[in-house]
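User: I'm new to this structure and would love a close look at one part of it. Could you walk me through a helix and the sheet beside it, step by step?

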Amino acid sequence: MVCGDCGGVAVGADGFCGRCGLRQTGGPGGGEVDLGDVGAAVSDRGLRRKRNEDAVAIAELSRGACAVVCDGVATAPGSQEGARRAADAALAVLTGRVSVGMDPRAATRAAVERAAEVVAGLARGPDASPACTFASAIVDPAGVTVGWVGDSRAYWLSEAGSRLLTRDDSWAAAMVEQGAMAAEDAWADPRAHMITAWLGADAGPVEPHVAAFRPAVPGLVVLCSDGLWNDLPEAADLAAVALGGAGGPIGAARRLLRAALEAGGRDNVTAAVIPCPPPVGERSR
């Protein structure tokens, strides 16, 4: 059996891919990872795309969890592989650096640097340069650290209030930030989703954004590709879906995916969900 997400052929009888770790969900380009109370992730090609160029990687830390979401640029050849390799490489850096006590901000910058190197190294020429966006989160007892390049996003969702933690590297976001256009007009423009920063050989020097957040109440950190937030851009709308049911992190991730598909599923959809603060004591699996 071939993994619909990474193309690996080492999918066992339990349905998990031995290469990327995602559980197959019945169709090409779909999979999920369930770490129990620690976190979970889902990825799906959506209803209108032939393949899934999103990638997600998530892992448990000694006192928390970390995740990476990368969205391959469809117009750049090889971006499916680029996104997959970037996510895997970045997660390896995050888990390795945090485990030896590196500050989460420094670990995030190192992860972005490594992911950028990996994607750039896949270029086969000026017209064959894979590209992808990047978003990561480290959740530990001290709080949340997020990093990003491009327009994949991180959200904080809680009953006491929810908000976007990242700021898109996109044409529309730049127009609004510069005061050149009203948000409604900028996002309605055909150029709205043109990204202004990415990982790839043609990206130039990569300057990741890194931010820390110390929540005062329990909640969820959600990393996602634009296939989710295009249809549910407001944090309150995501919170209503993610927090409106049982099943722990995997239940929240599945509800978010279902909401995106029900809204039209126009793009690949990927979401990683990590509770904050991390669970303590015995954990469910």
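Analyst: Here is a tour of one helix, the strands that go with it, and a few residues elsewhere.

Please keep in mind that this is a predicted model. Let's begin with helix H7, which covers residues 248-262. How far apart should the ends of its 15 residues be, at 1.5 Å a residue? The expected span is 21 Å, and the end C-alpha atoms of H7 are indeed 21 Å apart, so the two agree.

Many residues of this helix are hidden from the surroundings. The buried ones are Pro 249, Ile 250, Gly 251, Ala 252, Ala 253, Arg 255, Leu 256, Leu 257, Ala 259 and Ala 260. What covers them? The elements in contact with the buried residues of H7 include the strands E1 (31-34), E2, E12 (219-224) and E13 (269-276), along with the helices H5 (226-229) and H6 (235-242). Just after H7 comes Gly 264, which has a positive phi of about 135°.

Several of those covering strands belong to one sheet. Six strands make up this open sheet, in the order E1-E2-E13-E12-E8-E9, with antiparallel pairing. E1 and E9 (163-164) stand at the edges; each has a single partner strand, so one side of each has no neighbour in the sheet. Helix H6 packs on the sheet too, where it touches E8 (153-157), E9 and E12, and its direction makes about 65° with that of E8.

Further along the order, E12 and E13 run antiparallel and are joined by six bridges. In this pairing, Val 222 stands opposite Val 273 of E13. Cys 224 is buried, because its relative accessibility is 0%, under the 20% cut-off. In the segment after E13 you will find Pro 277. Its relative accessibility is 47%, so Pro 277 counts as partly exposed. Pro 277 also lies 6.8 Å from Asp 140, C-alpha to C-alpha, although 137 residues separate them in sequence.

Strand E2 (40-44) leads to one more stop: the loop between E2 and strand E3 (54-61) holds Glu 53. With 5% relative accessibility, Glu 53 counts as buried. Its side chain makes a polar contact of 3.0 Å with the side chain of Arg 51. Leaving aside residues up to four places away in sequence, Glu 53 touches Cys 70, Asp 71, Gly 72, Val 73, Ala 74, Ser 79, Gln 80, Ala 83 and Asn 268.

Definitions and conventions. Residues numbered from 1 in each chain as written. Predicted model: local features only at pLDDT ≥ 70, side-chain atom pairs only at ≥ 80, totals over all residues. Heavy atoms only, no water. Helix = DSSP H or I, 4+ residues; strand = E, 2+ residues; numbered from the N terminus. Buried < 20%, exposed > 50% of the residue type's maximum accessible area, 1.4 Å probe, protein only. Polar contact = N/O pair within 3.5 Å; in protein donor to acceptor, adjacent residues only side chain to side chain. Contact = heavy atoms within 4.5 Å. Expected span 1.5 Å × (residues − 1). Pairing = 2+ DSSP bridges. Axes fitted to C-alpha atoms, helices over the stretch in contact; angles between N-to-C directions.
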